Amino acid sequence: MTIDRVDIDPDTFMPILAIRAGDVPQRVLVVGDPARAEHASSRLEDRRLLARSREYVSFTGRHRGEEIGIVSHGVGSAGATVCFEELCRSGVRRLIRAGTAGGMQPRVRAGGLVIVRGAARDDGATARLVPPGFPALADTDVVLALRAAAALAGRDVHEGVVLTSDLFYPHSVLGSDLPMWQRSGVVAVEMECAALFVTAALHGAAAGAILAIDGNPLDQHDDDMSGYDPRKPIVAQTVEQMITIALDAVAQPIWKGGAADADVHGTQA
Ligand code: R1X
């Protein structure tokens with residue numbers, strides 16, 4: 001089952017991703033790292049490189065019989081929003097981010113996986129798009145698709161709200177606000193989910209995210225991130241599982257009448 005393609009001229013050129021709207025599938029896996037996009041795309045059948053442009057590399061191919069795109073969005077909400085906006089303007093209807101994040105609760109540790117339900121908007125880009133009260137929510141059907149794909153992969157996952165921050169390395173002037181966010185109950189910290197969820201919502205597209213945990217800065221008493229080391233075997237293994245789950249979820253049927261067909265308030269279109 002598919003949802004209707006939105007009415008977009010297939011020859012519209014997306015200037016920053018350097019892709020033609022008509023070449024972009026309705027379902028796209030987005031990842032931060034261009035090398036990870038390239039690596040994940042090796043899982044696709046009939047893989048085709050669409051473009052390499054700045055930090056954005058775009059591939060298409062098929063997974064479980066569905067046309068899938070894989071696109072890198074870089075680090076941080078400002079640049080990632082450019083990517084998400086051009087994908088939505090190209091007619092993408094389901095976007096799943098597969099990325100890395102820091103654990104924010106003691107139980108959320110390196111090697112864990114988090115399915116994201118929503119993101120605290122501590123980023124700069126979404127503040128320029130919608131008022132502060134607008135929530136950055138994952139699409140319910142995408143969350144369910146990710147849960148089902150994780151179960152198929154035999155993986156336990158955490159689930160919850162994450163913090164999307166624009167700051168990776170804090171400085172002594174203002175210090176780190178991670179302890180405050182930990183008290184709020186967020187399960188992980190990363191840098192792009194809020195931008196994805198808000199941009200998708202504004203286009204009536206369905207978005208979600210799954211994150212591989214690469215460390216836990218507060219557990220490690222590493223508030224200034226000086227001990228950050230994502231190159232652990234357990235993280236590499238978890239990233240592979242995350243890609244499997246995310247690809248399966250992005251390829252799952254898009255339910256007619258699901259949130260992808262709803263307006264931003266959840267009313268059926
Ligand atoms: O979202 C975060 C950012 O893209 C996760 O990894 C990058 C920084 O390490």
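A strand here is a DSSP run of E with at least two residues, numbered from the N terminus. I'm keeping that at the top of the page since my first look-up was Y56, which lies in strand β5. The model is predicted, and I only read local features where pLDDT is at least 70.

**Y56**

I checked the burial of Y56 first. It has 26 C-beta neighbours inside 10 Å, and 20 or more is the cut-off, so Y56 counts as buried. Next I listed its contacts, leaving aside neighbours within four places in sequence: I16, L17, V71, S72, H73, G74 and C83. I also took the distance to D33, which is 23 residues away in sequence and 8.7 Å away in space, C-alpha to C-alpha.

**Whole chain**

Stepping back, I counted six helices and 12 strands in the chain. For the extent, I got about 50 × 40 × 35 Å for the C-alpha trace along its principal axes. I then tried the globule check: for 269 residues a compact globule would have a radius of gyration near 18 Å, and the chain's 17 Å agrees with that. Buried residues come to 49% of the 269. Of the contacts with a separation of 6 or more, 78% are between residues 24 or more positions apart.

**Core**

I pulled out the largest nonpolar core, which has 79 residues. L29, V114, V162, F197 and I210 have the most contacts inside it. Helix α6 (residues 233-251) gives the most to this core, with 10 residues.

I picked V114 for a closer look. Setting aside residues up to four places away in sequence, V114 touches A101, V108, V157, H158, E159, G160, V162, V187, A188, I210, L211 and I213. Two of the residues with the most contacts in the core, V162 and I210, are on both lists.

**Helix α1**

My next stop was α1, residues 34-41, where the buried residues are R36, A37, A40 and S41. They cover an arc of only 135° around the axis, so they sit on the same side of α1. That fits the usual geometry: an α-helix has 3.6 residues a turn, so residues three or four places apart point the same way. I then asked what the buried residues of α1 pack against, and found β3 (27-31), β4 (45-53), β5 (56-63), β6 (66-72) and α6.

**Ligand shell**

Around the ligand I noted G32, V75, G99, T100, A101, F168, E190, M191 and E192. Sorting the shell by type gave me four nonpolar, three polar and two charged residues. Strand β7 (residues 94-103) gives the most to the shell, with three residues. A101 caught my eye, as it belongs to the shell and is also touched by V114.

**Loops and positive phi**

I looked up two residues other than glycine with positive phi. A18 has phi near 65° and is found in the loop between β1 (13-14) and β2 (19-20). A18 is partly exposed, because 16 other C-beta atoms lie within 10 Å. H221 has phi near 50° and has its place in the loop between β12 (206-213) and α6. H221 is exposed, because 7 other C-beta atoms lie within 10 Å.

Last entry: D156, in the loop between α3 (140-152) and β10 (158-165). With 8 C-beta neighbours inside 10 Å, D156 counts as exposed. I paired D156 with F134 and got 22 residues apart in sequence but 30 Å apart in space, C-alpha to C-alpha.

Key:
Residues numbered from 1 in each chain as written. Predicted model: local features only at pLDDT ≥ 70, side-chain atom pairs only at ≥ 80, totals over all residues. Near = placed C-beta within 6 Å. Helix = DSSP H or I, 4+ residues; strand = E, 2+ residues; numbered from the N terminus. Nonpolar A, V, L, I, M, F, W, Y, C, P; charged D, E, K, R; others polar. Buried ≥ 20, exposed ≤ 12 C-beta atoms within 10 Å, placed from the backbone. Core = buried A, V, L, I, M, F, W, Y, C linked by C-beta atoms within 7 Å. Contact = placed C-beta atoms within 7 Å. Arc of directions from axis to C-beta. Rg over C-alpha atoms; globule rule 2.2 N^0.38 Å.
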